[in-house]
Structures are given as structure tokens and as C-alpha cells.
Amino acid sequence: MNPDHYQFEIGINLRPGEGELTVLFSGEGSPKPGHKVGPSVHDYYLIHTVLSGEGMFISEGRKFSCQAGDTFLIMPGSLFSYESDRQTPWQYVWAAVQGDGASQLLKQAGLSQEKPVLKGADPSALHSFYRRIKHSFKQSPFPELESLEASGWLRLLIHRLGHASRDLGDTAAQHSEMIDRQVEQAKRWISLQYHQQLGISQMASSLGYHRAHFSKAFKERTGLSPKQYLMKIRMDKAKELLESRVLTIDEVSSSVGFNDALYFSKQFRNWCGQSPSEYRSGFKH
């Protein structure tokens, strides 16, 4: 037992990798009132989540009062200290992390040098991920697999922190971001499935929108209606296929989602000002 703690548990990675994201160690502790760490620096990322009680975290001279549900991040090379409250000492869990992708992944979750504290998450939900990470290190005959398992649970922890960060964000901004995402999904869907018989109503429904609302949001963000965007993708692809001079007009028509080659030719002329044959003839020499 650590003399400065009522409770202290730790799991250590015996074979930390050199990849994008690796857990070095993970643990859980209940420090005694007034217990202090630092001022100090580490050469790895250290994530703490407070499960209960209170304490003070100081990063590069900035002070943050933390309580249950708050997560604070110690950056490599950053001067830090933290101290348990003397009246209601905190209990916390932690994970030490290294890897080329650690900074970017943590930033996506809302934690960075500029914003080292994420407040107000569900501590019990986060606790389960830390436990999974710690329990990965079971001193088994396969430490490489333990390291792989711990990295997987760490990614899920960061994912959960990212959701907590966004849940605390501005509601209007979140709604706008959600619409942006759905429009991007629709664009991606069209770009991959243009050769199929796509229905705009079906697409809108699958994304959780009424067709009229979806079409309005799509046009606001792309300048085209979903139907126009689909036609643009089809015509652009038809041009590529015609320029290659490998497929017949019928085959090009079918490849870009038209069952009727005559209808395709009419739409191509309306869109490009030339018939498919005339367009192809321009690439003969």
C-alpha cells in the first residue's frame, strides 16, 4: 500500500509498443487529504479522471479546481502539480500514454495543452474503461497482446471523452455540425452509389430527415439539390468513361445509372451541350 493513499492499484505494460497509441501504465488511487504531486514534468501523456471528492490541478501556472466527472491531462514536458482537497479528498483513475498519434487523438476528444481539463462527464462510465485498461496487464505469457488490448480500451476511453466534450458544447453548434455530417454522408453515398437507382426520399429517410428538409439543408451547403448533385456525379463519371473510349454508349449509360441509353444521351446533351458521341469524338486525337 502506498503510504500517501488509502487505496492504490496499478497495472504496468511490460512490452509497450512504438505505435500510434500505447498505454504505459494505468491505475486507481484514493490519496489522503492534502496529498500533492509536483511541481514536476513527465515525458508522456498522463490522463486523470476524478471519481469522487475534489482537488486542484495546476498546469503551466493555470489552476483548475476539479471534482467528480472531471478529467485533466498532463502533457509531455509540461510543468504540473496536483493536490487532493483537505476536506473532501479525491479518488481518481489514471492512464499514462505515449505514441505519435496521442496528441491528435486526445485533441479530438477535447483535451490539449490549451484546454487540459474536461469537466462534467459521467465518472462511473469512464471508470469502467480505466478498469479494463488496468486489467489488461495480467502478467500473462503474452505481454504484447496485453499491450494491444490496453490500447484498444484506451481508444474507447478517448472516444467516450470525446462524446462527453461534445455533449457539453453549444446545442445550436452541435445541431449545425450534425446537419453538416449528414450532408457529407449523403454526398459520400451518392459518390459511391451513383450507378444505382437512388431515391432521394429513401436517402433522406435513412438519414433521419423529411425529404423537403433534407433537400433544403443539402442545397444550402452544396449549392445543388440532391437530384442535381446526383446528376453532376453521373455526368462527370460519364465524361471519364467516354474519354477512355473503351465502353460503348450503352455500357456507359448503364455504368452511370441509366437503364435507357436514349434517355441518358438526352440528359448528357442537356448537361454538356453535346451528345455522348460528339463529346467522345473530341478525344480521338
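**Exercise 1.** Leaving aside neighbours within four places in sequence, with which residues is Gln267 in contact?

*Solution.* The model is predicted, so local features need pLDDT of at least 70 and side-chain atom pairs count only at pLDDT 80 or more, while totals for chains, interfaces and linings use all residues. Residues are numbered from 1 along each chain as its sequence is written, and side-chain values use heavy atoms, with hydrogens and water left out.

Step 1. Contact means heavy atoms within 4.5 Å.
Step 2. With neighbours within four places in sequence set aside, Gln267 is in contact with Met231, Met235 and Phe258.
Step 3. Met231 and Met235 are listed among the buried residues of H7.

**Exercise 2.** Place Gln267 in its helix and decide whether Gln267 is buried or exposed.

*Solution.* Step 1. Helices are DSSP runs (H or I, at least four residues), numbered from the N terminus. Gln267 lies in H9, residues 261–272.
Step 2. Buried means under 20% relative accessible area, exposed over 50%, and partly exposed in between (1.4 Å probe, protein chains only).
Step 3. The relative accessible area of Gln267 is 17%, so Gln267 is buried.

**Exercise 3.** Check the span of H9 against the expected value.

*Solution.* Step 1. The expected span is 1.5 Å times one less than the number of residues.
Step 2. For the 12 residues of H9 this should give 16 Å.
Step 3. The end C-alpha atoms of H9 are 16 Å apart, which agrees.

**Exercise 4.** Which residues of H9 are buried, and why do they line one face?

*Solution.* Step 1. Ala261, Phe264, Gln267 and Phe268 are the buried residues of H9.
Step 2. Seen down the axis of H9, the buried residues fall within an arc of 120° (taken from the directions from the helix axis to the C-beta atoms), so they line one face.
Step 3. An α-helix has 3.6 residues a turn, so residues three or four places apart point the same way.
Step 4. The face turned away from the buried side carries exposed Leu262, Lys266 and Asn270.
Step 5. The cover over the buried residues of H9 includes helices H7 (226–244), H8 (249–255) and H10 (276–281).

**Exercise 5.** Describe what is found at the start of H9 and after its end.

*Solution.* Step 1. At the start of H9, a side-chain oxygen of Asp260 comes to within 2.9 Å of the backbone nitrogen of Leu262.
Step 2. Gly273 follows H9, and its phi is positive, near 80°.

Definitions and conventions:
Helix = DSSP H or I, 4+ residues; strand = E, 2+ residues; numbered from the N terminus. Polar contact = N/O pair within 3.5 Å; in protein donor to acceptor, adjacent residues only side chain to side chain.
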